[in-house]
Amino acid sequence: MNTEKLNQVVEELKAIVGEENVITDPALLYCYSADASINQHMPDVVVRPGKTEEVSEVLKLANRERIPVHPRGGGTSLSGSVVPYGGGIVVDMTRMNKIIDIRPADLWCIVEAGVIHADLERELAKYGLFYPPDPASSESATIGGTIATNAGGLRGVKYGTTRDWVLGLEVVLPTGDVINVGTKTLKTSSGYQLCRLFVGSEGTLGIITKAVLKLLPMPKARVRVMGVFDSVVDAARAVSQIFMAGITPGLLEFVDKNAQKAINSWLNLGLPETEAILIIDLEGSTEEEPLKLAPYLERVLKENGAIEARYTSDPEEMNKLYLARAKAYPAMFRLGKPTVLVEDITVPVEKLPEAVKKVYEITEKHGILMGIIGHIGDGNFHPLLVYDERDPEEVERVMKCHDEINELAIKLGGTVTGEHAVGKVKAKYFLKEHSPAEIELMRGIKRVFDPNGIMNPGILWGE
């Protein structure tokens, strides 16, 4: 925007949300120029609405003036979904952080989009309930952001992703119109499922302001199992055998040797630093149920290549194993390089051994340090490429790895993003993963909701 237009827009925004909730200071704008990905772009202005009506007025203004709008929650996106590539207005939703209603008997709650995921979990625990999606960024990520990206997490192997737990949404369209989609019932067959269309839409169709979320009672008991492997391929192969043995884990995570080394360096958890470990939760409705199943799972792991398997129900020991996975990404910065590119591929479970093996071959070929972690129980894993972004030659090699890893996922019948969303980072692979007919249908949907193209430009197809 030119200076004259920007000044006019800023004054109108101040009238909508109050002067204290409009940010134009370049130093503060810089804080909104990036997320947890490797991408960056400065916005022109940031606005912090406190209620749905204010979001509506902001979008009416932006639509009238054809100004790009970029919704933002906690800024934890690893795919560049909230980087304001179009400049324009960043709409910071974190002031809208009320837990509006919790209905234990109906197993749902209503929250505003800016509620922090972990804050909701803590409040639900008072009722003996939990919200199953469990992103690793729970202490910072907002509910609106996790819905917009269809976030997954450590519990995804049993409970699925965010899409499976959103019953209804309040959404402000680019025109400023406010709509309610979905329901407060646990099932519906009434018309097109518009609610699901907004889940994973990455802020390209409108701004989510409230959500009706499905809940579950907390499991009464949990046991955490660790399987230790001297082969990453054996660990990957064991995943399908766990399910074939009739076991449905509440969590099934993979941590390779480099990731274990980084975690031990940071948190001193005493991980074995073997080629791979699997961390597995067994849940039950009684104290005895998971304890009875744990020895059976140990046997299954050993029959499928584990050199060691052990389980614990001790809260402190269980938390150590949880941290071994949940803190793996930040731990990778301990390996001596300042930058980590996080991949997010998912393949059919039977293809996991091949996929893991080939990812190691790709990074070794290009001389890139890597650790692998992942929610491997549903075929989703994260190669973490560690490098120095100040070294152009090393950046070039990392980008070659990036290309080959994503192309491998497509070749094996998988997807380039299991839970982090497309954003900008995955845009060119997204276009390869989907047929031209699919892409054109998606573009058509975008035009229906956002004919002026103001919502989060640069996301999905990179335009």
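What follows is a short chat about the fold, the cavities and one pocket of a predicted model.

Reader: What secondary structure does the chain have?

Author: The chain comes to 16 helices and 19 strands. Keep in mind that this is a predicted model.

Reader: And why is it called as compact as a globular protein of that length?

Author: The radius of gyration is 22 Å and the globule rule gives 23 Å for 463 residues; the two are close, so the chain is as compact as a globular protein of that length.

Reader: What does the C-alpha trace span along its principal axes?

Author: About 70 × 60 × 45 Å.

Reader: How many of the residues are buried, as a percentage?

Author: Buried residues are 56% of the 463 in the chain.

Reader: What share of the contacts is between residues 24 or more positions apart?

Author: Taking contacts with a separation of 6 or more, 71% are between residues 24 or more positions apart.

Reader: Now the surface. How much of it belongs to carbon and sulfur atoms?

Author: Those atoms hold 51% of an accessible surface of about 19,100 Å².

Reader: Switching to empty space. How many cavities of 30 Å³ or more turn up?

Author: Two, from a search of the whole structure. The largest has a volume of about 40 Å³, and the second largest has about 30 Å³.

Reader: What lines the largest one?

Author: Ala36, Ser37, Ile38, Leu78, Tyr329, Val340, Leu341, Val342 and Val425. By class that is eight nonpolar residues, one polar and no charged. Strand β16, residues 339–342, gives the most to this lining, with three residues.

Reader: And which residues line the second largest cavity?

Author: Its lining is Leu78, Ser79, Val342, Asp344, His420, Ala421, Val425 and Lys426. Those divide into four nonpolar, two polar and two charged. Leu78, Val342 and Val425 appear in the linings of both cavities.

Reader: Pockets next. What is the volume of the second largest pocket?

Author: About 610 Å³. It is lined by 26 residues, and the closest to its centre are Arg163, Val199, Gly200, Ser201 and Met442.

Reader: Which helices each supply at least two residues of that lining?

Author: α7 (194–198), α15 (427–433) and α16 (436–449) do. The largest share, three residues, comes from α16.

Reader: What classes of residue are in the pocket lining?

Author: There are 10 nonpolar, 10 polar and six charged residues in the lining of the second largest pocket.

Note on methods. Residues numbered from 1 in each chain as written. Predicted model: local features only at pLDDT ≥ 70, side-chain atom pairs only at ≥ 80, totals over all residues. Heavy atoms only, no water. 1 Å grid on protein atoms, 1.4 Å probe; cavity = no way out; pocket = protein on both sides within 12 Å on 5 of 7 lines; lining within 4 Å. Points joined across faces, edges and corners; volume = space filled by probe spheres on them. Helix = DSSP H or I, 4+ residues; strand = E, 2+ residues; numbered from the N terminus. Nonpolar A, V, L, I, M, F, W, Y, C, P; charged D, E, K, R; others polar. Rg over C-alpha atoms; globule rule 2.2 N^0.38 Å. Buried < 20%, exposed > 50% of the residue type's maximum accessible area, 1.4 Å probe, protein only. Contact = heavy atoms within 4.5 Å. Areas by Shrake-Rupley, 256 points an atom, 1.4 Å probe, with all protein chains shown as cover.
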